[in-house]
Amino acid sequence: MIANFIQSNRIFARIVCTALMAVCTLPYANAADDGASVKPVFSDSEIKAILSHGPWPVPAPPDPTNRVSGKPAAIEFGTLLFFDQRLSGSGTKSCSSCHVPERNWTDNQRRSTGVIELDRNTPTLMNLAAGSWYGWDGAADSLWSQSLRPIVDARELAATPRHVAQVVRNDNEMSCRYRHAFGSPPSPTNDEVVLVDIAKALAAFQETLTSGRTPFDHFRDALARGASPSTTSYSEPAQRGLKIFIGKGGCTHCHAGPNFTGGEFFNTGLSRYQPLGKPDPGRPAAIRLLLESRFNLLGPYNDEVSGASAARTRKASLEQGNVGEFKVPSLRNLFLTSPYGRDGSIDTLAQVVQHYANLDPIRLHAKDGRPVKPLNLSAREQSDLVVFLESLSTFSNPWRPEEGARCD
Ligand code: HEC
Ligand code: HEC
């Protein structure tokens, strides 16, 4: 009824305007252009773009650079290590102090606090198995080297390799689990070897963390089966937001594939926090850190005999990276992980979308230095985009630790 009334008034207004040949702004025209009452229709190429964001979940093969990847005994060991405060120098912190399961493996703080406040927001640990680069700037080339860093970082767990190795050697339960996972007891003399293995068990555990299926995934699979969008229970605002996401929003250029990230590095200007009064350099500093690290894939701890996986590290060594570039994050389960951006400076998804509404993300992607023009998303388009982003989330993280049997 109301829709008909508005519709007929709009037509009436148009007729009057045309008749008067006047330049008049139509009070309803904006709403019509926003697509407020328009049922979304998807072209064949749009359907193809939507299908490229699934199916979900994606099974990830074991990591060839980690000889215990996918091994149940290592996963169990890694689970215990993740929650064990004895790994920290002070005995009071664990990985789970910042990566909290109920908070989708984040801490919901702007910037995380270990021994002191860090420069960056704590990212989720969901869906990391298929990644190539870890950390907001990609300073680690494997999940295990990324897991090693916080153990010895003076701002995080602040432990030494000696401390960690001694905890594992001297505790019966720990050394038993180490033996089961790695096939031999922890080295009595080489602390670094034990430390790297601890990181590999932690990585084996984290690889198992996958987020659940969402309203978007059900919609995507219905389209894959040939269903018409209007027969699904996926809401119209979400469908309109999706159309912008894959269309004029240009979001898929960077947030590509089933995990909504192509894993590359870009400067979006989203986060502006300046640690120590200087901009966070991002990728160029990360490439330097990566190449200096003994624990990168070119080093002695890569378990892959052929070394093929080190190709990406070798390639990175030839690149400089641009200041202000950061890794494109996944957009799954954002509902549980506010605040947003690598400095946590943005409280809501609406504010993230507002940032993009004033730029042209397709130009951002081109990296050719030409000026970025505004995308000019209307208020309605922005709210549709937010509804779509929310549809990429489950509303809780059901993960709970299992009571493991004692090791013998
Ligand atoms: C003091 C809080 C804190 C603690 C403790 C902590 N982390 Fe983190 N974690 C962070 C922050 C902050 C980042 C982002 C780092 C960056 O971009 O440089 C991060 C990043 C990561 C990443 C990369 C995720 C991605 O998307 O690339 C992994 C994996 C990770 N941490 C695992 C661990 C493990 C395993 C432990 C325990 C050994 C741990 N963290 C302990 C705060 C913490
Ligand atoms: C040019 C590549 C690129 C394009 C295009 C792009 N993004 Fe992003 N996006 C990024 C990067 C890089 C970050 C992390 C930026 C930071 O924190 O400094 C990010 C962060 C985000 C975040 C915050 C996620 C979190 O965990 O903090 C959201 C939400 C987001 N983008 C949504 C979108 C939407 C919606 C669009 C389309 C309008 C879009 N992006 C287009 C690269 C891109």
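**Figure 1. Pro339 sits in the loop between β2 (326-327) and α14.** The model shown here, as in every panel, is predicted. What joins Ser338 to Pro339? A cis peptide bond does, with omega at about -5°. Such bonds are worth a look, since most peptide bonds are trans. Follow the chain out of this loop and you get to α14, residues 349-357, which comes back in the next view.

**Figure 2. Helix α14 packs against helix α16 (residues 379-390).** Their axes are 9 Å apart and the angle is about 130°. Is that roughly antiparallel or oblique? Roughly antiparallel would need an angle over 145 degrees, so α14 and α16 count as oblique to each other. The crossing of this pair is right-handed. On the α14 side, the contact uses Leu349, Ala350, Val353, Gln354 and Ala357. Facing them from α16 are Gln382, Leu385, Val386, Leu389 and Glu390. Sort the residues of this contact by class and you get seven nonpolar, two polar and one charged.

**Figure 3. Asn376 is a non-glycine residue with a positive phi, near 55°.** Look for Asn376 in the loop between α15 (361-366) and α16, so this view leads into one of the helices of Figure 2. Buried or exposed? Asn376 has 11 C-beta neighbours inside 10 Å and therefore counts as exposed, the cut-off being 12 or fewer.

**Figure 4. Asn127 also has a positive phi without being a glycine, this time about 60°.** Asn127 belongs to the loop between α5 and α6 (143-152). Its surroundings are another story: with 22 other C-beta atoms within 10 Å, Asn127 is buried, as 20 or more are needed for that. Why pick out these phi values at all? Because most residues other than glycine have a negative phi.

**Figure 5. Pro55 is in the loop between α3 (44-51) and α4.** Here Gly54 and Pro55 are joined by a cis peptide bond, and omega is about -5°. Past the loop comes α4, residues 72-83, the subject of the last two views.

**Figure 6. Helix α4 has 12 residues and spans 17 Å from its first C-alpha to its last.** That is close to the 16 Å expected at 1.5 Å a residue. Which residues of α4 are buried? They are Ala74, Glu76, Phe77, Gly78, Leu81 and Phe82. These buried residues pack against α5 (95-98), α8 (172-182) and α9 (191-206).

**Figure 7. Helices α4 and α8 cross at roughly 145°.** Their axes come within 8 Å, and the crossing is left-handed. From α4, the contact takes in Ala73, Ala74, Glu76, Phe77 and Leu80; from α8 come Arg177, Tyr178, His180 and Ala181. By class, that makes six nonpolar, one polar and two charged residues. Ala74, Glu76 and Phe77 will look familiar, being among the buried residues of α4.

**Figure 8. The whole chain puts the close-ups in context.** Its secondary structure comes to 16 helices and two strands. There are 408 residues, and 38% of them count as buried. How far apart in sequence are the residues that touch? Of the contacts between residues at least 6 apart, 71% join residues at least 24 apart.

Technical notes. Residues are numbered from 1 along each chain as its sequence is written. Chains are lettered from A and ligands numbered from 1 in the order in which they are written. This is a predicted model: local features need pLDDT of at least 70, side-chain atom pairs count only at pLDDT 80 or more; totals for chains, interfaces and linings use all residues. Axes are lines fitted to C-alpha atoms, for helices over the stretch in contact, and angles run from 0 to 180 degrees between N-to-C directions. Helices (H or I, at least four residues) and strands (E, at least two) are DSSP runs, numbered from the N terminus. Angles under 35 degrees count as roughly parallel, over 145 as roughly antiparallel, 65 to 115 as roughly perpendicular and the rest as oblique. A crossing is left-handed if the near helix is turned anticlockwise from the far one by less than a right angle, and right-handed if clockwise. Two residues are in contact if their C-beta atoms, placed from the backbone, lie within 7 Å. Ala, Val, Leu, Ile, Met, Phe, Trp, Tyr, Cys and Pro count as nonpolar, Asp, Glu, Lys and Arg as charged, and the others, Gly among them, as polar. The expected span of a helix is 1.5 Å times one less than its number of residues.
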